[in-house]
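Work through the exercises below with the sequence and the structure at hand. Each task is followed by a solution in steps.

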Amino acid sequence: MNTISTNSARKHMRVKNWILIASACATLAVAHTQAQAVEAAAVPASKQTTAGRYLDAREAYALKQKLGAKAFFVDVRTRYEVSYVGMPTVADANIAYVEHPDDAPWDDKAGRFKLEVNSDFGPDLARRMAAKGLGKGDVVIVMCRSGDRSARAATLLTQLGYSNVFSVVDGFEGDIATSGPKQGQRVVNGWKNADLPWSYKLDKERMTMPKL
């Protein structure tokens, strides 16, 4: 092969590689754009995040299925919630954003025992993501019971430098029905009501162990 032919072949290969790279980047960008089907303007104030990136439960499942190990799905409910209510089978970890301390007093305003922010939430997430080869630029899907705590956790992660954090606005159990025969029950939306995969059986490796 002469010099002209060799240079032409190399140029063709470089162009082909750039096309492949551009295509891959475009595919990822489309995945992120398509993921955010929930309009920010429709999200209640208590569920809004700094980044303004939202998914409903079905979209969260679809995005996790699409990206697989390239996305980290964290359930931020308490240990007691996942123990007695169940947990998505596709979640990579349960890291509580807030927890009930052993001596938790009663919170009159909230009508429950007081919750305290888990100071190890950010560090624990970083450790688990690093173990999977993921960093602050990768997709993080955050889910709680119904979208309030996941919003606060997502905002914290944005403050910590994570750039692709999505909050699941309807959470695991969904919103409360305000009328009808099931008024007061969480039957409106959410992971369980959408018949997405979940289980009462938990994987110890995905759980956050209490500090002794």
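**Exercise 1. A helix and the sheet**

Which strands does α4 lie across, and at about what angle does α4 run to β2?

Solution. The model is predicted. In it, α4 lies across β2, β4 and β9 (139-143). The angle to β2 is about 145 degrees.

Next, place these strands in their sheet. The sheet is open, has five strands and follows the order β1-β10-β9-β2-β4, with parallel pairing. At the edges stand β1 (54-55) and β4 (93-94); each has a single partner strand, so one side of each is left without a neighbour in the sheet.

Last, look at one pairing in detail. β2 (residues 71-75) pairs with β4 in the parallel sense over two bridges. V74 has A93 in β4 as its bridge partner.

**Exercise 2. Confidence**

State the mean pLDDT of the chain and find a stretch where the pLDDT is below 50.

Solution. The mean pLDDT is 85, and 82% of the residues reach 70 or more. The stretch below 50 covers residues 15-34, which have six contacts in the model beyond near neighbours in sequence.

**Exercise 3. Aromatic rings**

Describe how the ring of W191 pairs with the rings of Y61 and F73.

Solution. A pair of aromatic rings is described by the distance of the centres and the angle of the planes.

Step 1. The count of aromatic pairs comes to six. In one of them, Y61 and W191, the ring centres are 5.8 Å apart and the planes stand at 90 degrees; an angle over 60 counts as edge-to-face, so this pair is edge-to-face.

Step 2. This pair links distant parts of the chain: Y61 is in helix α2 (residues 57-67), and W191 is in the loop between β10 and β11, 130 residues apart.

Step 3. For F73 and W191 the centres are 5.5 Å apart and the planes are at 80 degrees, so this pair is edge-to-face. F73 lies in strand β2 and W191 in the loop between β10 and β11, so the pair ties together parts that are 118 residues apart in sequence.

Step 4. Y61, F73 and W191 form one aromatic cluster. Now add accessibility. W191 is buried because its relative accessible area is 0%, and F73 is buried with a value of 0%. Y61, at 23%, is partly exposed.

**Exercise 4. Two residues in one loop**

Is N118 buried or exposed? Is S119 buried or exposed?

Solution. N118 lies in the loop between β8 and α4. The place of S119 is in the loop between β8 (116-117) and α4 (121-131). N118 has a relative accessibility of 18%; buried means under 20%, so N118 counts as buried. S119 has a relative accessibility of 70%; exposed means over 50%, so S119 counts as exposed.

Then list what N118 touches. Leaving aside neighbours within four places in sequence, N118 is in contact with I95, A96, Y97 and V98. A polar atom of the N118 side chain lies 2.9 Å from the backbone oxygen of A96. The side chain of N118 also reaches the backbone nitrogen of D120, at 3.0 Å.

For S119, take the separation from Y97: the two residues are 22 apart along the chain, and their C-alpha atoms are separated by 8.3 Å.

**Exercise 5. A backbone angle**

Where is D195, and what is its phi?

Solution. D195 is in the loop between β10 (164-168) and β11 (198-199). Its phi is near 60 degrees, a positive value in a residue other than glycine. D195 is exposed because its relative accessible area is 70%.

Key
Residues numbered from 1 in each chain as written. Heavy atoms only, no water. Helix = DSSP H or I, 4+ residues; strand = E, 2+ residues; numbered from the N terminus. Buried < 20%, exposed > 50% of the residue type's maximum accessible area, 1.4 Å probe, protein only. Polar contact = N/O pair within 3.5 Å; in protein donor to acceptor, adjacent residues only side chain to side chain. Contact = heavy atoms within 4.5 Å. pLDDT = per-residue confidence, 0-100. Pairing = 2+ DSSP bridges. Axes fitted to C-alpha atoms, helices over the stretch in contact; angles between N-to-C directions. Phe/Tyr/Trp six-rings, centres within 6.5 Å; stacked < 30°, edge-to-face > 60°.
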